[in-house]
Amino acid sequence: MRNRLLTALALSFLTAAQAPAPSADERVRALLDSPAFKQAVAFIQSDQDRFVRELIALTEVPSPPFKEQARAKAFMEMLQREGLHDVEMDAEGNVMGIRKGTGDAPLLAVNAHLDTVFPEGTDVKVKRDGTKLMAPGVGDDTRGLALVLALIRTMDAAKLQTPGDVLFVGNVGEEGEGDLRGIKFLLQRGKYKDRIKQVLAIDGDALESVTRGGVGSRRYRVSFKGPGGHSYGAFGLVNPAYAMGNAIAKFSRIEVPTTPKTTYNIGVVAGGTSINSIPAEVTMDVDMRSQSCAELKKVDEEFSKIVRDAVDEENRTRSTKEGVITADPKLIGERPCGETAMSTPIVQAASTVIKAFGKTPTFTISSTDANIPMSLGIPAITIGHGGPSGRAHSPDEWTRVDPAVNVENTQMALAILLTVAGSQ
Ligand SMILES: [Zn+2]
């Protein structure tokens, strides 16, 4: 009973010498038809109430940006209860644990994010209307966390093995100014950084929507400084507001492609002290994004040049006898772009499973935790948690937990996890 999946896989390798290797379709079909997988399906059906209970419990532990500790602790205790090995919190606040594989195949990390966009004090009590659950964060990405727990339990109940260890992670800092700090730490500084060879992120709704490209972004706060002075008495001195205004006007006219989608925005402008003073300092916050690393780099370079030119023009146009205008762009956010090629085993695995469930996979480019592994050359995708959800990032956020839909989606997520784990 114990290693039925493994036996099926081993058999497929043994016969490889005589017969052509089974196709990806055949391997997935063999998995879905295996007695162990059927046992998993039965378990998922029996686990529905617990899944919903845990989803509600986790949603009701607030997890504002940079303040994920309480939820991290709750999730860590749940990982412990599932019997994972080496359950711990790292220095950045991520929590994780290992489920042992049968051999030393490369490590797969499966993650969902702990943080929500909602500030401290938000009412996170779950309201329930039949199978509809309503609360801020209930879908994004608390449902991903609850799915992680259900997957671990199901694999244990059906004794489904993977060839290598799987690291299950609840990570901090996915949203907004969190700037992917959790996954960055995990892959750049954490103790598993050199072992993780594939990343399966769970975030978003539809499971059949596979994110295999990361929208990159760069964010700057640019501070323009000058000597300042009286608006009347010191008239004629350089003015940082003019330099910034000139930079904004120039930047607003740069041309970017619609495909790959590339965008820019100046979202915040601030500065000055009074109407009758030449300001000593003004600032602007700038956001640029692209589906293409090359296009993002182009916008970034154009932007730097525009800022330099605008400063030079102001210093040439007015008097610098009390001091010159300077500009200091500080990088305040960076999501590196990246891509996992269609031909990569992780993309192929997800695609084959989704088709085996009679659905059509769609491949998207988005900004998720998977940006970081992609930018480091580690094959990664993001799949949804499967639950129909809506109004993410709003107080009216909701998700549905209809058992039939949930059972099918948890199976599909499980099959993707197992196929990905076996495909490297
Ligand atoms: Zn999310």
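**Notebook: salt bridges, a zinc site and one helix**

I began with the charged side chains and found Asp-47, Arg-50, Glu-54, Glu-82 and Arg-153 joined in a network of salt bridges. I note here that the model I am reading is a predicted one. My search of the whole structure returned 30 salt bridges, and I looked up a few of them one by one.

**Entry 1, the network.** I looked at Asp-47 and Arg-153, which form a salt bridge whose closest N and O atoms are 3.0 Å apart. This pair connects distant parts of the chain, since Asp-47 sits in the loop between α3 (35-46) and α4 (48-59) while Arg-153 belongs to helix α6, 106 residues apart. I checked the accessibility of the two residues, and both Asp-47 and Arg-153 are buried.

I then turned to Arg-50 and Glu-54, whose side chains form a salt bridge at 3.2 Å, N to O. These two residues are about one helical turn from each other, because they stand four residues apart in helix α4. I recorded Arg-50 as partly exposed, with a relative accessibility of 27%, whereas Glu-54 is buried at 6%.

**Entry 2, a strand-to-strand pair.** I looked up Arg-212 and Glu-339 next and found their side chains in a salt bridge of 3.0 Å, N to O. Arg-212 is in strand β8 (residues 209-214) and Glu-339 in strand β15 (residues 338-339), so this bridge ties together parts that are 127 residues apart in sequence. I noted that Arg-212 counts as buried at 17% relative accessibility, while Glu-339 counts as exposed at 53%.

**Entry 3, the zinc ion.** Which protein atoms are the donors of the zinc ion? I listed His-113 through NE2, Asp-140 through an OD atom and Asp-203 through two entries marked OD, lying 2.0 to 2.5 Å from the ion. His-113 lies in strand β3 (residues 105-113) and Asp-140 in the loop between β5 (132-134) and α6 (142-157), so the pair ties together parts 27 residues apart in sequence. I wrote down the spacing of the donor residues as H-x26-D-x62-D.

Why do I call the arrangement irregular? The four donor atoms subtend angles of 53 to 146° around the zinc ion, and a tetrahedral site would need all angles between 85 and 135 degrees. I also checked burial at this site: His-113 is buried at 0% relative accessibility, and Asp-140 is buried at 14%.

**Entry 4, helix α2.** I finally looked up the buried residues of helix α2 (residues 24-33), which are Val-28, Leu-31 and Leu-32. They lie on the same side of α2, because they cover an arc of only 95° around the axis.

Terms used: Residues numbered from 1 in each chain as written. Predicted model: local features only at pLDDT ≥ 70, side-chain atom pairs only at ≥ 80, totals over all residues. Heavy atoms only, no water. Buried < 20%, exposed > 50% of the residue type's maximum accessible area, 1.4 Å probe, protein only. Arc of directions from axis to C-beta. Donors = N, O, S within 2.8 Å, 3.2 Å for Na, K, Ca; no water. Tetrahedral: all angles 85-135°; square planar, octahedral: opposite > 155°, others 65-115°. Salt bridge = Lys/Arg side-chain N within 4 Å of Asp/Glu carboxyl O.
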